[in-house]
Amino acid sequence: PTSWTASSWQLACPPELLLCWLRDNPVRLRCNSRFLHRLMINCLAIVSVSLLCVMAEQVGSRTSTSSVIFIWSHPRALSTVLLRSLAELPKTTTVLEPFMIPWQDVIGFLDRGKNPTPPSFESIMDHIEVGEYYTDTEQNVQIIKEMPVHIPPHVFDAIFDRFPHAKHILLVRHPYRMIPSYFEAISKDAQPEAFTKDIIQMDVTYKPLLDTAQRVLGLQSDSLLMVDAEGLHADPRASLTRICNHIGVPFLESLLQWKPHEIPSSWRDLHAFEGWLDTVVSSSSWSARPLGDLIYPKVEDAFQKECVDTNMVLYERLMQLFRQTRNADL
């Protein structure tokens, strides 16, 4: 029966009983090779089922007590270095943008030569639900960093249905700093021509962040914390303490520094990032930087100016939303 546990199988056919039978029937075993073959197959089946039951019990126990945290952000907002920092938390696994590959496949941006069989959105959620990204048996916290632009509405619905108790962090950087940083980054990309205007607009828009904040606040306002990327950079200790309090873990000094060139083994599909992780991978700590004055950035053309101006409107709406709550590290 599929409902039996490992102990149930051991009671039904304990190893001691098999050993006694083998001891008392040596002649029968020597004279009946077909019987011996069947007996061996049955023994292997019992052992296999027992092992599967034990594994299922262990997975079920861990997933029932595990915590899931989503970090929602956008490009050039320090989200990857934040994820690297949080990887220093004990009993924690971190997951780097697992939905990016299926999103790229949907919009036709994915290199099928490197990813001939990309995962589906549903399979990614399955992996989170069963703890596929854990790299140690003691881990019980999953922190998933993702971009809302990668998530279609029906997948968002499924995420909130499947992880109703998850905590959410919204990491946002001011458009005056994010947009110029983004254009500088794509100019250094191995294939800058791949970033068409449509792709850029999808990448930099703040609309998915605003929609995500409204959606989460409408469901469970205390499950969402907004973090200002500039504040995080200016005072990492204060912002990380606030983040730890939000997700229910103690702040540790180890969050402020880590070993360079050590990528968490739970970060997958790294080839898809093509150099975008180099700075984070070579980093070893947070380095506090003063906030400085926010001034309108230097733009090279009308399209860059359009990206700044359009997203400033959305950014102000996002700030107004959070000024009405206490769930913001601003």
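Student: What area does the protein chain expose, and what share of it do carbon and sulfur atoms supply?
Tutor: This is a predicted model, and the area is computed from its atoms. The protein chain exposes about 17500 Å². The share supplied by carbon and sulfur atoms is 55%.

Student: How many of the residues count as buried, as a percentage?
Tutor: The cut-off for buried is under 20% relative accessible area. The protein chain has 330 residues. Those that count as buried make up 44%.

Student: Which residues have a pLDDT below 50?
Tutor: The protein chain averages a pLDDT of 84, and 78% of the residues score at least 70. Two stretches need care. One has 13 contacts beyond near neighbours in sequence, and its pLDDT is below 50 over residues 1-11. The other has 17 such contacts, and its pLDDT is below 50 over residues 49-62.

Student: Why should such stretches be read with care where pLDDT is low?
Tutor: Contacts do appear in the model for residues 1-11, 13 of them beyond near neighbours in sequence. Yet low pLDDT limits what can be taken from the predicted coordinates: they should not be read in detail.

Student: How many helices and strands are in the protein chain, and what percentage of contacts join residues at least 24 apart?
Tutor: The protein chain holds 15 helices and six strands. Take its contacts between residues at least 6 apart in sequence. The portion joining residues at least 24 apart is 78%.

Student: Are α7 and α8 roughly parallel or roughly antiparallel?
Tutor: Helix α7 covers residues 121-130, and helix α8 covers residues 153-162. Their axes lie 11 Å apart, at an angle of about 20°. Angles under 35 degrees count as roughly parallel. Therefore α7 and α8 are roughly parallel.

Student: Which residues of α8 are met by α7?
Tutor: α7 passes α8 in a right-handed crossing. From α7 come F121, E122, M125, D126 and E129. In α8 they meet H154, V155, A158, I159 and R162.

Student: At what angle do α10 and α15 pack, and which residues of α15 does α10 meet?
Tutor: α10 (residues 197-204) and α15 (residues 302-323) have axes 11 Å apart, at an angle of about 25°. That makes the two roughly parallel, and the crossing is right-handed. K197, I200, Q201 and V204 of α10 meet, in α15, F303, E306, C307 and N311.

Student: Is Q304 buried or exposed, and which residues does Q304 touch?
Tutor: Q304 sits in helix α15. Its relative accessibility is 9%, so Q304 counts as buried. Leaving out residues up to four places away in sequence, Q304 touches I179, F183 and V299.

Notes
Residues are numbered from 1 along each chain as its sequence is written. This is a predicted model: local features need pLDDT of at least 70, side-chain atom pairs count only at pLDDT 80 or more; totals for chains, interfaces and linings use all residues. Side-chain values use heavy atoms; hydrogens and water are left out. Helices (H or I, at least four residues) and strands (E, at least two) are DSSP runs, numbered from the N terminus. Buried means under 20% relative accessible area, exposed over 50%, partly exposed in between (1.4 Å probe, protein chains only). Contact means heavy atoms within 4.5 Å. Accessible areas come from the Shrake-Rupley method with a 1.4 Å probe; for residues, only the protein chains shown count as cover. pLDDT is the predictor's confidence in each residue, from 0 to 100. Axes are lines fitted to C-alpha atoms, for helices over the stretch in contact, and angles run from 0 to 180 degrees between N-to-C directions. Angles under 35 degrees count as roughly parallel, over 145 as roughly antiparallel, 65 to 115 as roughly perpendicular and the rest as oblique. A crossing is left-handed if the near helix is turned anticlockwise from the far one by less than a right angle, and right-handed if clockwise.
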